[in-house]
Amino acid sequence: MGGWDLVVCGWGEYHDLRGLSRDLERAARDLGEMGMPIYSIVLIVAAVLAVAAATALKITTAKKHPAKVCAECGRPSAHGYSKTEGSGADEIVPLCVDCLMRRLDEDYSTYKGHAVVVQPVAELPCYVFRPRSDWSEAVRRDLDSILTGPSARCQSCGEQAQYAWVNALEPGPVAKLPKLGIRQTLLAGAGVHPVPLCAKCAVKRIGHSLSAQEGGYVEICGPRGNEDGVVSGMGY
Ligand SMILES: [Zn+2]
Ligand SMILES: [Zn+2]
């Protein structure tokens with residue numbers, strides 16, 4: 001069975017699909033010359049292709065989701081953390097939930113501005129802060145109207161509020177937020193209002209939302225600098 005030998009021996013070198021199809025053609029021709037029924041050849045070729053496709057898929061999937069450990073404590077990492085939004089892959093640090101929450105606590109507590117914090121929703125890969133100047137006219141207008149007003153107190157603990165929390169349950173409206181603004185997408189319902197929170201209580205709420213979700217975010221970053229802004233899930 002020269003054809004079989006060819007298929008089996010060549011198997012170890014099937015790293016690239018172009019080479020594979022060339023070898024398959026040759027194998028099929030050999031088998032055909034040996035008088036093997038055409039449907040057998042088709043079946044063999046289909047089986048080999050299926051295995052090759054499964055292997056290729058496994059390789060690409062492994063590249064996309066490498067098993068990562070927390071850069072700080074070595075436990076399994078849940079999310080990627082970066083200092084600023086839109087960081088390169090090499091600037092995103094894998095962190096476990098506990099270490100992430102410590103970093104966010106620091107970021108939210110040292111930030112000098114005021115921000116609207118949209119609840120993190122599953123299915124959007126990033127949860128990041130962007131300063132006011134990076135947003136559209138619609139978001140800037142809503143941001144200003146939400147953040148103005150008397151110096152509010154945190155609804156959870158009574159401390160000075162620095163953040164306005166906006167509930168979000170589905171990714172759809174959050175994905176439309178950059179274009180349509182905050183009010184039209186997330187605050188249109190009757191009796192829906194932003195909740196004033198201090199830094200500690202805002203981070204606690206983020207932690208609750210994250211722990212209720214499966215899967216991890218590719219990139220999470222907290223607010224930075226002194227310009228007002230919005231923290232929101234982003235689809236990119
Ligand atoms: Zn950790
Ligand atoms: Zn508070």
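Here is a friendly chat between a biologist and a modeller about this predicted model.

Biologist: Let's start with the overall picture: how many helices and strands does the secondary structure of the protein come to?
Modeller: The protein has 236 residues, of which 39% count as buried. Among contacts with a separation of 6 or more, 75% join residues 24 or more positions apart. As for the secondary structure, the tally is eight helices and eight strands.

Biologist: Which residues are the protein donors of the zinc ion (ligand 1)?
Modeller: Look for sulfur atoms, since the donor atom is SG in each case and lies 2.3 to 2.4 Å from the zinc ion (ligand 1). Along the sequence, the donor residues follow the spacing C-x2-C-x22-C-x2-C. The donors are Cys70, Cys73, Cys96 and Cys99.

Biologist: And what is the arrangement of the four donor atoms around that zinc ion (ligand 1)?
Modeller: The test is whether all angles lie between 85 and 135 degrees. Around the zinc ion (ligand 1) the angles are 102 to 117 degrees, so the arrangement is tetrahedral.

Biologist: Is Cys70 buried or exposed?
Modeller: A useful contrast is Cys73, which is partly exposed at 38% relative accessibility. The cut-off for buried is under 20%. Cys70 has 3% relative accessibility, so Cys70 counts as buried.

Biologist: Moving to the other metal, which residues coordinate the zinc ion (ligand 2)?
Modeller: This site is tetrahedral, with angles of 103 to 118 degrees among its four donor atoms. In sequence, its donor residues are spaced C-x2-C-x40-C-x2-C. Each coordinates through SG at 2.3 Å, and the residues are Cys154, Cys157, Cys198 and Cys201.

Biologist: How many residues apart in sequence are the parts that Cys157 and Cys198 tie together?
Modeller: Both are donors to the zinc ion (ligand 2). Cys157 sits in the loop between helix H5 (137–147) and E5, while Cys198 sits in the loop between E6 and H8, so the pair links parts of the chain whose separation is 41 residues.

Biologist: Which of these two cysteines counts as buried?
Modeller: Cys157 has 41% relative accessibility, so Cys157 counts as partly exposed. At 8% relative accessibility, the buried one is Cys198.

Biologist: Now the interior: which helix gives the most to the largest nonpolar core?
Modeller: In soluble globular proteins, nonpolar side chains tend to be buried together. Here the largest nonpolar core has 29 residues, and Leu104, Tyr108, Val117, Tyr163 and Ile206 touch the most other members. At least two residues come from each of helix H4 (97–110), strands E3 (115–118), E4 (126–131), E5 (163–166) and E6 (195–197), and helix H8 (199–211). With six residues, the one that gives the most is H8.

Biologist: Which residues in H4 are buried?
Modeller: H4 has 14 residues and reaches 20 Å from its first C-alpha to its last, close to the 20 Å expected at 1.5 Å a residue. The buried residues in H4 are Cys99, Leu100, Met101, Leu104, Asp107 and Tyr108.

Biologist: Which residues does Val117 touch, not counting residues up to four places away in sequence?
Modeller: Val117 is one of the residues that touch the most other members of the largest core. Leaving out those sequence neighbours, Val117 touches Tyr108, Tyr127, Tyr163, Ala164, Trp165, Val166, Ile206 and Val231.

Biologist: Which residues does Ser232 touch, with the same neighbours left out?
Modeller: Ser232 lies in strand E8 (residues 229–234). Its relative accessible area is 1%, so Ser232 is buried. Its contacts are Val118, Cys126, Tyr127, Val128, Trp135 and Val174.

Biologist: Which residue forms a salt bridge with Arg75?
Modeller: The model's count comes to seven salt bridges. In this one, the closest N and O atoms are 3.0 Å apart, and the partner is Asp98.

Biologist: Where do Arg75 and Asp98 lie, and how many residues apart in sequence are the parts they tie together?
Modeller: Arg75 lies in the loop between helix H3 (38–64) and strand E1 (79–81), and Asp98 lies in helix H4, so the pair ties together parts separated in sequence by 23 residues.

Biologist: Last one: which residue forms a salt bridge with Glu137?
Modeller: Glu137 is exposed, at 52% relative accessibility. Its partner lies with it in helix H5, three residues apart, about one turn of the helix. The closest N and O atoms are 3.1 Å apart, and the partner is Arg140.

Methods: Residues numbered from 1 in each chain as written. Chains lettered and ligands numbered in written order. Predicted model: local features only at pLDDT ≥ 70, side-chain atom pairs only at ≥ 80, totals over all residues. Heavy atoms only, no water. Core = buried A, V, L, I, M, F, W, Y, C linked by side-chain atoms within 4.5 Å. Buried < 20%, exposed > 50% of the residue type's maximum accessible area, 1.4 Å probe, protein only. Helix = DSSP H or I, 4+ residues; strand = E, 2+ residues; numbered from the N terminus. Contact = heavy atoms within 4.5 Å. Donors = N, O, S within 2.8 Å, 3.2 Å for Na, K, Ca; no water. Tetrahedral: all angles 85-135°; square planar, octahedral: opposite > 155°, others 65-115°. Salt bridge = Lys/Arg side-chain N within 4 Å of Asp/Glu carboxyl O. Expected span 1.5 Å × (residues − 1).
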